[in-house]
Amino acid sequence: MALAASVASGCAVAPTYQVPAVAQPDAYKEAQGWQPAAPADTLERGPWWTLFGDPVLNELAAAVEVSNQNVAAAAAAYAQARALVSEQRAALFPVVDLTGSAGRSGGGGNTKAAGQYRMNIGGSWEPDVWGKLRAGTDSAGASAQASAADLAAARLSAQGELAANYFALRQADAQLTLLAATVDGDQRLLTITTNRFNAGLAAKSDVLQAQTQLASARIDQSNAVRQRAQLEHAIAVLLGKPAGAFTLAPAPWNTTVPEIPAGLPSTLLQRRPDIAAAERRVAAANAQIGIARAAYFPSVNLTASYGVGAGQAAGLFSATNSLWSLGLSAAENLFNAGATAARVSGAEAGRDAAIAHYRQTVLAAFADVENQLAASAALAQQQELRRTASEAADQVEAQMLNRYRAGQVAFTEVVTAQNTALAARRALVQAQADRQATAIALIQSLGGGWRQRE
């Protein structure tokens, strides 16, 4: 047994694991002044949503981790994976069992009944000579680490979706405020137009156009109410609550967009949990090759037992009634038509597939960050242009309304100016929402936030 244990560490058949090499840029093309790569996947991410400075969002996001059912499922899967690690590790140690029996038998006539009592303690152990059991433990451990990364990914996904839905709901609140003012303005304009028509200063078509304008604004208002309700229901589901039991009161919209630190290391992307999970699955697949290769070598099993038996319970523990045994067995598969080689080839192909998936995950993640950085820069410029356009359209609307009251322009010009101004205001609101949504997507693509170098 000691000899078997001594050679176990030197006979492992699993390939030595190395993290697969991937092409990594020194810095992101869409950002300037970022630092060279350095692994950072173990850094604490912290409550990234606090960067937006919204107390209501802070409260909701903190509740996701304990209430979201997708997160709960991922947490249960992680607990299951950890239990499997313990199960695999237990195979490295001997198994000891205790059995006992008592019986009585007899026959007809003058045959006297006889009793039989037995007790036995035995053990068996399969020395991990070829590293098969250790490879199984390593594979289970890597899979558990992948499940931990999956749990982090589930948390990040749920928190990101909550933040996106929350700001979309606040955008709907802003749109409703805007549309309420528009409805009020259209209602006043309809009154003015009707009065002018009654006084013979305006055509009937002007009144009809004003009525159409008011109805269209009310339709937009109804659509915004519907969209807000759907977002509120989506947030309830993310929080693990029935949609009918959750209400989020209207509140002012905090349009804060976090600034990206100039010194953000490009390999902060390594903190992404999906990349960590993919890499750990490569390690698990690598260990499976060792398990498959171990079938080329004989399996060794050691057994030992000690027991006692007697016809009477009182003599059960007498030394003369004891039995013991020691055993060593070995088994080798001499022919299986290439099944072992096929299993090894399959395990190697599985590892290669896991490597390809890991590399593809990394490439997609880098592209994701580049996309969000480019979008962040473009949307920041667009927001300012939208603001300028909205302010100009507001001035045109006011001028056209004044000129209409003075009888200088036709009502159609007022309608055109109003529609243009409303579209510009709503586009500005949308631009603000897009910037926040892109900031959330960037934080998610970076693995849950960023930290400046000390």
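Which residues does Thr 438 touch, not counting residues up to four places away in sequence? They are Gln 372, Ala 375, Ser 376 and Leu 379. The model is predicted. Its protein chain has eight helices and four strands, and this briefing covers the chain as a whole, then helix α3 and two single residues.

**The chain as a whole**
- Along the sequence, the helices and strands of the protein chain follow the pattern α-α-α-β-β-α-α-α-β-β-α-α.
- The protein chain has 454 residues, of which 38% count as buried.
- Among contacts in the protein chain with a separation of 6 or more, 83% are between residues 24 or more positions apart.
- The protein chain has an accessible surface of about 24,200 Å², and carbon and sulfur atoms account for 56% of that surface.

**Helix α3**
- Helix α3 spans residues 69-90, 22 residues in total.
- From its first C-alpha to its last, α3 reaches 32 Å, which is close to the 32 Å expected at 1.5 Å a residue.
- The buried residues of α3 are Val 71, Ala 74, Ala 81 and Val 85.
- Seen down the axis of α3, these buried residues fall within an arc of 75°, so they line one face of the helix.
- Gln 69, Gln 80 and Glu 87 are exposed residues on the face of α3 turned away from its buried side.
- The cover over the buried residues of α3 includes two other helices, α2 (55-67) and α4 (132-198).
- At the start of α3, the backbone nitrogen of Asn 70 has a side-chain oxygen of Asn 68 within 3.0 Å.

**Thr 438 in helix α8**
- Thr 438 is part of helix α8, which runs over residues 411-445.
- Thr 438 counts as buried because its relative accessibility is 9%, and the cut-off for buried is under 20%.
- A polar atom of the Thr 438 side chain lies 2.8 Å from the backbone oxygen of Asp 434.

**Glu 348 in helix α7**
- Glu 348 belongs to helix α7, residues 339-405.
- With a relative accessible area of 26%, Glu 348 is partly exposed.
- Apart from neighbours within four places in sequence, Glu 348 is in contact with Ile 289 and Arg 293.
- Glu 348 and Ala 292 are separated by 56 residues in sequence, and their C-alpha atoms are 9.4 Å apart in space.

How values were computed. Residues numbered from 1 in each chain as written. Predicted model: local features only at pLDDT ≥ 70, side-chain atom pairs only at ≥ 80, totals over all residues. Heavy atoms only, no water. Buried < 20%, exposed > 50% of the residue type's maximum accessible area, 1.4 Å probe, protein only. Polar contact = N/O pair within 3.5 Å; in protein donor to acceptor, adjacent residues only side chain to side chain. Contact = heavy atoms within 4.5 Å. Expected span 1.5 Å × (residues − 1). Arc of directions from axis to C-beta. Areas by Shrake-Rupley, 256 points an atom, 1.4 Å probe, with all protein chains shown as cover.
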